[in-house]
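Let's take a friendly walk through a protein model together. Please have the viewer open and follow along.

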Amino acid sequence: MTSIITLVIIAAVFFWLISAYNRLISLKGQTANAFKQIDVQLKRRHDLIPNLINAVKGAMQFEKDTLEAVISARNTAVSAAAGATPETLSGMASAEGSLTSALGRFLAVVEAYPDLKATANVGQLQEELSSTENRVSFARQAYNDTATAYNVSQSQFPMVLVAGLAKSAQVELWELAEESERAVPAVDLSLN
């Protein structure tokens, strides 16, 4: 009778280990997938930027510094995204933050010129870029949710006992790297 109880306990522990291992592997896969979803949206963003730049380049020749800043930030962001993983997120996040700032300045310049803003092509590209920025934000949020669940799960007892077997490692969360992204926009509704 004692040997049967011992076998049942060993079997229960064995099945729990398998279940815990599979849970960590599943969360690791979900985190990698969420990270790749950000990558997909950033690729879309990176592909839209040259089209927008080309659409306004002729009309904004005198804003050459702004255009060059966006192009430079985009190229840096594309380079940082190449080969990035959830474990090496900080460099990519910093480059994307710089691109976001440069795009903000660029779009502010476009808004300042009604003739340029009224161009259908520029308006459509602005709308596409705005939509893509929203998609990037949602993808980052989904990544952070998944990465948090993964990090917490592998840190909790008794899952921490299996984390080494599953080769689990804490992953970085996507955070705002640029102080300009944290700034609250000023809204002036006065009629002046």
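The paragraphs below go from the overall fold to the aromatic pairs.

This is a predicted model, so please read every value below as computed from it. The protein has seven helices and zero strands, and from the N terminus on its elements read α-α-α-α-α-α-α. Among contacts with a separation of 6 or more, 80% come from residues 24 or more positions apart. Of the 192 residues, 33% count as buried. The protein exposes about 11,400 Å², with carbon and sulfur atoms supplying 60% of that area.

Now for the aromatic rings. Counting rings whose centres lie within 6.5 Å, we find two aromatic pairs. One of them joins Phe14 and Phe15, at 5.8 Å centre to centre with 65 degrees between the planes. That pair is edge-to-face, because the angle is over 60 degrees. How exposed is each partner, by relative accessibility? Phe14 has 48% and counts as partly exposed, while Phe15 has 55% and counts as exposed, since the cut-off for exposed is over 50%.

Next, turn to Phe35 and Tyr143, which also form an edge-to-face pair, with 5.8 Å from centre to centre and 65 degrees between the planes. Where do these two residues lie? Phe35 sits in helix H1 (residues 2-57) and Tyr143 in helix H5 (residues 120-155), so the pair ties together parts that are 108 residues apart in sequence. Phe35 is buried, with a relative accessible area of 1%, and Tyr143 is buried too, at 0%, because buried means under 20%.

Key: Residues numbered from 1 in each chain as written. Predicted model: local features only at pLDDT ≥ 70, side-chain atom pairs only at ≥ 80, totals over all residues. Heavy atoms only, no water. Phe/Tyr/Trp six-rings, centres within 6.5 Å; stacked < 30°, edge-to-face > 60°. Buried < 20%, exposed > 50% of the residue type's maximum accessible area, 1.4 Å probe, protein only. Helix = DSSP H or I, 4+ residues; strand = E, 2+ residues; numbered from the N terminus. Contact = heavy atoms within 4.5 Å. Areas by Shrake-Rupley, 256 points an atom, 1.4 Å probe, with all protein chains shown as cover.
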